[in-house]
Amino acid sequence: MSPSPARVFAALNAVRPPDEASPVIGRAIVIGGSVAGLLAARVLSDHAASVVIIDRDDVQVSGERPGVPQGTQLHALLPGGLLHLEHLFPGFREQALAQGAIEAPPAARRTYLDGRLKVVVPDDADSLAGSRPLLEGLIRQRVLRLPNVKTVTARATGLVFDGAATVGVRCDVGGVHGVESGDFVVDAMGRSSRLSDWLERAGWDRPVMRRMTVHLNYATALFRRRETNPEFPVVMALHTPAASSDVAGAAYFAVEGGRWMAMMAGYGENRPGSTAEDFVRRLRDQFPPEFGEVAGNEMLGEVQTYRHADSRRRDFHALPRFPAGLVSVGDAVASFNPVYGQGMTSAALHAACLSMYLRSKPDLGVPARRFFALQKVVVDAAWSTSTSADLALPHVPGPYPRGYRFSSWVSRQIVTATVTDVTIARRFNEVVSMRAHPRSLATPGVILGALRANRAVRR
Ligand SMILES: Cc1cc2nc3c(=O)[nH]c(=O)nc-3n(C[C@H](O)[C@H](O)[C@H](O)COP(=O)(O)OP(=O)(O)OC[C@H]3O[C@@H](n4cnc5c(N)ncnc54)[C@H](O)[C@@H]3O)c2cc1C
């Protein structure tokens with residue numbers, strides 16, 4: 001009998017790098033040097049003689065870059081993701097703090113739900129607050145320090161196959177075409193990955209792509225921060241669809257460089273905060289007073305906006321034919337509504353799937369089905385958390401899974417109970433921070449506990 005998804009998920013969260021490198025691959029190539037590609041390269045460095053990361057941006061240069069247009073938006077590193085980063089790069093947390101990231105233990109994180117402060121503080125995992133370029137830059141520094149990893153600045157344009165085996169990547173460097181040869185290729189090209197087109201062009205099937213339209217409008221702005229060690233470096237305020245507001249939520253984090261990074265989001269035609277004036281006014285008028293205090297500081301630069309059309313997943317695991325020596329990771333496989341902050345942590349879990357797969361000494365002459373089966377567990381978990389919340393939004397047209405009405409009623413009970421019940425809040429946080437599988441909430445203990453807590457509040 002195969003283990004349950006919850007057990008697989010727990011095993012992936014327990015994955016650690018091997019004590020000793022044991023190469024089963026000659027030369028591995030990773031296309032995309034962002035978070036997912038870098039984490040895959042870190043894992044491959046234990047299992048390949050050499051690893052090449054190809055990116056169209058010069059990833060040696062730190063800071064914002066065109067290949068990652070979402071990089072200017074607020075990025076939350078979930079506690080689950082931080083745990084993986086610490087396993088892959090021992091001392092990551094200390095290094096991040098030394099470079100300006102801000103510690104965000106549970107007691108330093110505040111959450112409001114429809115204007116009500118969550119009064120319970122579950123004693124769960126720590127996190128860090130920092131900008132996306134800082135986090136990606138730290139990961140990159142650690143990966144590029146590995147002696148068997150190098151980068152190539154080029155645009156990948158296709159794959160090279162020898163029969164059913166992947167043997168290289170076609171590249172374009174300023175109009176000059178070449179091939180990087182390798183015996184294992186990782187697609188980490190992000191949500192607009194061209195892998196499906198390349199497969200089809202070479203006579204393979206493209207994976208089915210499932211989408212859930214969300215039409216999310218993000219806006220992020222930086223403000224000067226006077227406090228060196230603010231009491232609450234991470235503050236979030238969420239509005240459920242029941243709350244009559246055109247802003248779905250706002251958050252502000254203390255980030256490096258003595259700055260606050262604040263974001264707000266709206267759905268459909270609601271584009272809150274698209275001008276500096278509107279951004280500041282809404283933080284003052286539509287959110288708890290501390291949001292207004294942050295907005296009272298000097299705004300640094302302009303409001304950066306970003307439109308995110310849909311959550312999408314590509315079902316590689318379901319393809320009956322697939323080349324050997326090829327996998328896909330990160331947003332290239334599944335990218336979610338970003339308000340749930342799952343992207344970087346999912347990428348870390350995909351890296352754990354790769355580690356578990358390669359450690360099993362697989363036959364690399366056949367498709368990496370075991371890898372895709374492990375990854376499906378991670379994608380299903382993140383997909384169910386984000387899409388079940390999105391289906392509650394009035395403008396999201398579906399598709400609704402079977403039993404949705406009952407499961408959404410249960411979810412609402414649990415979310416409501418997180419405001420007042422510490423046990424439910426802890427179990428819920430384990431799931432939303434991707435340290436536990438969503439099915440761990442579907443127990444009589446959690447559901448009855450939530451009903452009891454909500455009844456006590458009503459009384
Ligand atoms: C508005 C917004 C907010 C978000 N907030 C959060 C958050 O709070 N927390 C969180 O964890 N995640 C968040 N995410 C998701 C997060 O950004 C991604 O999940 C994360 O960057 C991992 O993505 P990735 O590495 O798979 O792809 P990407 O980061 O998109 O990187 C893809 C890389 O591939 C390269 N590339 C693409 N095509 C080619 C090619 N043909 N040749 C060579 N190189 C190529 C690009 O240059 C880039 O470096 C957010 C996303 C958005 C849009």
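The exchange below covers charges, salt bridges, cysteines and backbone angles in a predicted model.

Biologist: What kind of model is this, and which pLDDT do side-chain atom pairs need?

Modeller: Residues are numbered from 1 along each chain as its sequence is written, and side-chain values use heavy atoms, without hydrogens and water. This is a predicted model in which totals for chains, interfaces and linings use all residues, local features need pLDDT of at least 70, and side-chain atom pairs count only at pLDDT 80 or more.

Biologist: How many salt bridges are there?

Modeller: Side chains of opposite charge can pair when their charged atoms come close. The rule asks for a side-chain nitrogen of Lys or Arg within 4 Å of a carboxyl oxygen of Asp or Glu. By this rule the count is 23 salt bridges.

Biologist: Which residue forms a salt bridge with Asp 126?

Modeller: The closest N and O atoms of the pair are 3.6 Å apart. Asp 126 sits in the loop between β5 (116-117) and β6 (127-129), and its partner, 33 residues away, is in helix α4 (residues 92-98). Helices (H or I, at least four residues) and strands (E, at least two) are DSSP runs, numbered from the N terminus. The partner is Arg 93.

Biologist: Is Arg 93 buried or exposed?

Modeller: Buried means under 20% relative accessible area, exposed over 50%, and partly exposed in between (1.4 Å probe, protein chains only). Asp 126 has 31% relative accessibility, so Asp 126 counts as partly exposed. Arg 93 has a relative accessible area of 17%, so Arg 93 is buried.

Biologist: Which helix holds both Arg 132 and Glu 136?

Modeller: Their side chains meet in a salt bridge, 2.7 Å from N to O. Arg 132 is buried because its relative accessibility is 4%. Glu 136 is also buried, with a relative accessible area of 4%. The two lie four residues apart, about one turn, in helix α5 (residues 132-144).

Biologist: What separates the C-alpha atoms of Ser 62 and Glu 136?

Modeller: Ser 62 is in the loop between β2 (48-55) and α3 (79-88). At 60% relative accessibility, Ser 62 counts as exposed. Ser 62 and Glu 136 are 74 residues apart along the chain, and their C-alpha atoms are separated by 8.7 Å.

Biologist: Why are Arg 282 and Asp 278 separated by about one helical turn?

Modeller: Arg 282 forms a salt bridge with Asp 278, with the closest N and O atoms 2.9 Å apart. Both Arg 282 and Asp 278 are buried. The separation is about one helical turn because they are four residues apart in helix α7 (residues 276-286).

Biologist: How many disulfides are there?

Modeller: A disulfide is a pair of cysteine sulfur atoms within 2.5 Å. Cys 171 counts as buried at 5% relative accessibility, and Cys 353 counts as buried at 0%. By the sulfur rule, the count of disulfides is zero.

Biologist: Where does Asp 114 lie?

Modeller: Phi of Asp 114 is near 50°, a positive value in a residue other than glycine. Asp 114 has 34% relative accessibility, so Asp 114 counts as partly exposed. Its place is the loop between β4 (109-113) and β5.

Biologist: What is phi of Lys 361 near?

Modeller: Lys 361 lies in the loop between α9 (343-359) and α10 (369-390). Lys 361 is a residue other than glycine, and its phi is positive, near 50°.
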